[in-house]
Amino acid sequence: RDLLTCFREVYRVLEPGGVFGFDVLLPDFEWLRLDPLERHAVTAFEHPRTGERMFYSTNHDYDPDTQICHIRLHYDRNVTGRLRPGIDTVETVHLAHRQIFPEELRALLGIVGFEIESQTGDFLDLALTSDVEVQVLVCTKPLEHRSAF
């Protein structure tokens, strides 16, 4: 409902013939199925305020009923050996990321009345395959309203 409400509002404020373009991550089934207890993408970085060498890593749980991926970003001081949550972990940030599938986007935009000019992978007009991370849509508001509902 939130996506439909968003698209309806964009449609409402856009002038007839206007263009609406946006990008959103393309769901990655392999990534969504990773072990939620294992940390991934362990990466070293320098803390922007303190200059301290730190590490971040992620793990997540995916709920297919809501299509929400609950992501945890862990910031640690030390990753030598096994990570010790609560000891080395400085902070954990929680994100809820809604997975939006290509056909779902086409249906929602069509319900609102948009005409989809293109739906491609990345900003290079690539095909929507497992090799791309982002889906890019360009839609227009017709000169006369033709909403399906």
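Aromatic side chains offer a way into this predicted model. Rings of Phe, Tyr and Trp count as a pair if their centres lie within 6.5 Å, and by this rule there are nine aromatic pairs. One of them joins Phe-20 and Phe-22: the ring centres are 4.8 Å apart and the planes meet at 25°, so the pair is stacked. This label follows because planes under 30 degrees apart count as stacked. Both partners are also shielded at the surface cut-off, where buried means under 20% relative accessible area. Phe-20 has a value of 14% and is therefore buried, and Phe-22, at 16%, is buried too.

A second pair, Phe-45 with Tyr-56, has another geometry. The two ring centres lie 6.0 Å from each other and the planes form an angle of 55°, which makes the pair tilted. Phe-45 belongs to strand β2 and Tyr-56 to strand β3, so this pair ties together parts that are eleven residues apart in sequence. With a relative accessibility of 22%, Phe-45 counts as partly exposed; Tyr-56, at 30%, likewise counts as partly exposed.

Aromatic residues also gather in a group. Phe-7, Tyr-11, Phe-20, Phe-22 and Phe-114 form one aromatic cluster. Within this cluster, Tyr-11 has a charged neighbour: Lys-141 lies over the face of the Tyr-11 ring, 4.7 Å from its centre.

The strands that hold Phe-45 and Tyr-56 lead on to the sheet. Four strands make up an open sheet in the order β2-β3-β4-β5, and their pairing is antiparallel. Its edges are formed by β2, residues 40-46, and by β5, each of which pairs on one side only. On average, and ignoring direction, neighbouring strands of this sheet are turned by 20° against each other. Inside the sheet, strand β3 (residues 53-63) and strand β4 (residues 68-76) run antiparallel and are joined by nine bridges. Thr-58, for example, stands opposite Leu-73 in β4.

From the edge strand β5 the chain continues to Gln-99, which is placed in the loop between β5 (89-98) and α3 (102-112). Is this loop residue buried or exposed? Gln-99 has a relative accessible area of 5%, and therefore it is buried. Its side chain makes a polar contact of 2.9 Å with the side chain of His-97. When neighbours within four places in sequence are set aside, Gln-99 is in contact with Pro-27, Asp-28, Leu-32, Tyr-62, Gln-67, Cys-69 and Glu-104.

Methods
Residues are numbered from 1 along each chain as its sequence is written. This is a predicted model: local features need pLDDT of at least 70, side-chain atom pairs count only at pLDDT 80 or more; totals for chains, interfaces and linings use all residues. Side-chain values use heavy atoms; hydrogens and water are left out. Helices (H or I, at least four residues) and strands (E, at least two) are DSSP runs, numbered from the N terminus. Buried means under 20% relative accessible area, exposed over 50%, partly exposed in between (1.4 Å probe, protein chains only). A polar contact is a pair of N or O atoms within 3.5 Å; within protein, one must be able to donate a hydrogen and the other to accept it, and residues adjacent in sequence count only if both atoms are side-chain atoms. Contact means heavy atoms within 4.5 Å. Two strands pair if DSSP finds at least two bridges between them. Axes are lines fitted to C-alpha atoms, for helices over the stretch in contact, and angles run from 0 to 180 degrees between N-to-C directions. Rings of Phe, Tyr and Trp (its six-membered ring) pair if their centres lie within 6.5 Å; planes under 30 degrees apart count as stacked, over 60 as edge-to-face and the rest as tilted. A charge sits over a ring if NZ of Lys or CZ of Arg is within 6 Å of the ring centre and within 35 degrees of the ring normal.
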